[in-house]
Amino acid sequence: MSTEITAERLLSAADRADPDRAAGLVFQAFLALSRTADSDRLLPLLARVRQAHEASGSARTEVIYRTLAGTAATRAGLAEGPEHLATAVRVYDENAFGDDPVLVECALTAVMTLMRPHEARRFAPLLATLDLAPADRARLLALIGVGDAWAGNLVRGQAELREAARLAARCGSLDVQAEATSWLAKCDALRGDLDQAALHLDQARELAAQVGSAWVARHLPECTAALAFARGDEETWAGLLQLVVATDAGVTAGLQYEHRWELATHHALAGRPGLAADLLAGVEDPPSSWPGGSVLPAWRAWILDPGPAATTALTAALHLLTRPVEQLLAARIAWLLGVHHGRAGRRGDAARLLEQACAGYARIGAAGMLALVMRDLQALGTPPAVGAARSPSAASTADFAGPTGGSAGPSGSFAGPATGFAGPAADFAGPAGGPTLTEAEARVATAIANGLSNREAAQRLFVSVKTIEFHLGNIFRKLGVRNRTELATRGTRIR
């Protein structure tokens with residue numbers, strides 16, 4: 001049945017019900033429409049719940065009203081959202097409403113919208129005790145699964161999302177199936193199940209189209225970005241992240257800052273500091289209570305100028321990321337710093353931070369991200385070639401420019417991570433007074449000078465072979481060399 005028809009029947013029943021029951025029916029209509037309707041179409045439901053609450057004044061209607069008001073305000077970016085949601089959770093707890101499925105879903109929705117996903121776990125035992133319709137069970141399980149994954153338990157979150165998608169498919173709740181499948185795809189990408197992630201993304205797109213899901217369509221790009229990152233597809237990842245930032249996707253999960261910071265990092269790495277600065281200009285840091293809020297100011301400063309002072313400050317801020325929701329981001333920042341130190345030849349600092357990133361990803365089950373960090377760690381341990389001139393960056397790690405960023409991944413957090421940030425792998429001097437290499441060209445020059453083939457260099461730098469060939473043409477021209485052998489003997493650092 002169409003979600004709109006379901007909502008219309010619930011609202012019609014609410015017209016004939018007492019205020020307490022009417023509020024519950026309107027909330028169920030909200031649930032029916034929340035994945036398929038645009039936000040402005042949900043506002044009349046808030047007005048109806050407010051009327052029911054004013055007529056009743058009961059704790060039950062207050063939980064429902066505060067949840068809807070807080071959710072609507074948060075989606076609209078209004079400051080009063082958290083206060084409404086916190087009140088909903090407090091009233092729910094004070095009245096022990098755990099035997100009422102509607103109020104359980106209200107409280108669960110509230111803690112997730114408050115960006116406290118670790119609290120979703122406390123609602124899981126209620127699924128065994130509540131008398132739930134299959135569609136309601138699937139919807140609640142999907143929320144709990146997202147909460148577990150977002151809070152750093154990707155193994156459990158992935159399993160719960162699979163079960164939620166299966167239940168939703170069995171009872172014909174295509175909107176819930178679309179949502180659960182889309183988040184499952186992101187979870188798969190972070191976990192390293194890339195084929196499954198691609199399959200689930202295709203399924204989510206088709207399901208969203210079948211029901212016209214505005215909600216799922218909105219966050220699919222960030223799920224796709226997580227897969228592109230895990231595959232090492234830099235160009236696709238950057239394009240998707242640009243779309244995510246432009247549409248402010250991730251706002252309900254608090255990830256809009258992290259997405260923007262990751263894209264700025266990408267531009268800085270690619271030698272476009274102006275674009276990086278433009279992305280961050282005029283965007284105020286969130287409060288420190290925000291997920292990742294304690295590290296974002298230091299990360300901003302480091303993106304704009306990754307010198308010793310900014311690097312020290314970002315390293316210190318890394319230790320402030322202690323909450324469950326910040327585990328993916330903590331591993332991500334350690335990874336970025338490890339690559340940065342490796343590029344500068346600080347092998348000890350690089351090894352420590354890359355191992356910290358590996359441990360962080362292993363702890364939360366992000367096997368896909370772990371595999372990528374291990375490449376950098378292994379590259380760091382590669383000794384310089386015999387007879388090669390040692391420079392401060394001779395033992396630099398492989399660059400990863402392409403979540404969780406999450407991301408996404410998340411990203412960074414459950415949104416999926418994004419791109420590494422490091423300076424050029426090496427600088428080469430051309431003819432006196434001639435042009436110098438860009439950062440990207442310098443990385444390619446170092447890789448080729450160290451004996452890598454074009455394909456091996458592309459794999460090491462996570463770009464296409466055509467990109468390597470393009471850069472090589474510029475490198476040969478700028479340095480005045482004719483072939484790879486001459487390039488290998490050049491290796492003179494610019495002072």
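This is a short walk through the structure shown above, from its interior to a pocket and two unusual loop residues. The model is a predicted one, and residues are counted from 1 along the chain.

Let us begin in the interior. The largest nonpolar core has 139 residues, and those that touch the most other members are Y92, L108, F123, W299, I333, W335 and Y361. To get a feel for one of these, click on I333. Setting aside residues within four places in sequence, I333 is in contact with V295, W299, L314, L318 and L321. A separate core, apart from the largest one, has 17 residues, including A442, A445, L452 and I468.

Next, have a look at helix α2, where F27 is found. F27 has a relative accessible area of 0%, so this residue counts as buried. Beyond the residues up to four places away in sequence, F27 touches I64, T67, L68, V102, E105 and C106. One of these partners shows how the chain folds back on itself in space: F27 and V102 stand 75 residues apart in sequence, yet their C-alpha atoms are 7.8 Å apart.

Helix α5, which covers residues 81-94, holds V91. With a relative accessible area of 5%, V91 falls under the 20% limit and is therefore buried. Leaving out neighbours within four places in sequence, V91 makes contact with A59, E62, V63 and F97. Measuring along the backbone instead, V91 and R60 are 31 residues apart along the chain, while 8.3 Å separates their C-alpha atoms.

Now for the loops. Two residues catch the eye through their backbone angles. A96 sits in the loop between α5 and α6, and its phi is positive, about 45 degrees, although A96 is not a glycine. M115 belongs to the loop between α6 and α7; M115 is not a glycine either, and has a positive phi of about 65 degrees. Are these two residues buried or exposed? A96 has a relative accessible area of 60%, which is over 50%, so A96 is exposed. M115, at 15%, is under the 20% limit and therefore buried.

From here we can turn to open space. The second largest pocket has a volume of about 660 Å³. Its lining is made of 28 residues, and T6, A32, A135, D136 and R139 are the closest to the pocket's centre. Which helices supply at least two residues each of this lining? They are α1 (3-15), α2 (19-33), α6 (101-113), α7 (134-150) and α9 (174-191). The largest share, 6 residues, comes from α2, the helix in which F27 lies. Sorted by class, the lining of this pocket holds 12 nonpolar, 7 polar and 9 charged residues.

Finally, a word on cysteines. A disulfide is a covalent bond between the sulfur atoms of two cysteines. How many does a search of the whole structure find? The search finds 0 disulfides. Two cysteines can still be placed by their surroundings: C223 has 0% relative accessibility and so counts as buried, and C358, at 7%, counts as buried too.

How values were computed:
Predicted model: local features only at pLDDT ≥ 70, side-chain atom pairs only at ≥ 80, totals over all residues. Heavy atoms only, no water. Disulfide = S-S within 2.5 Å. Buried < 20%, exposed > 50% of the residue type's maximum accessible area, 1.4 Å probe, protein only. 1 Å grid on protein atoms, 1.4 Å probe; cavity = no way out; pocket = protein on both sides within 12 Å on 5 of 7 lines; lining within 4 Å. Points joined across faces, edges and corners; volume = space filled by probe spheres on them. Helix = DSSP H or I, 4+ residues; strand = E, 2+ residues; numbered from the N terminus. Nonpolar A, V, L, I, M, F, W, Y, C, P; charged D, E, K, R; others polar. Core = buried A, V, L, I, M, F, W, Y, C linked by side-chain atoms within 4.5 Å. Contact = heavy atoms within 4.5 Å.
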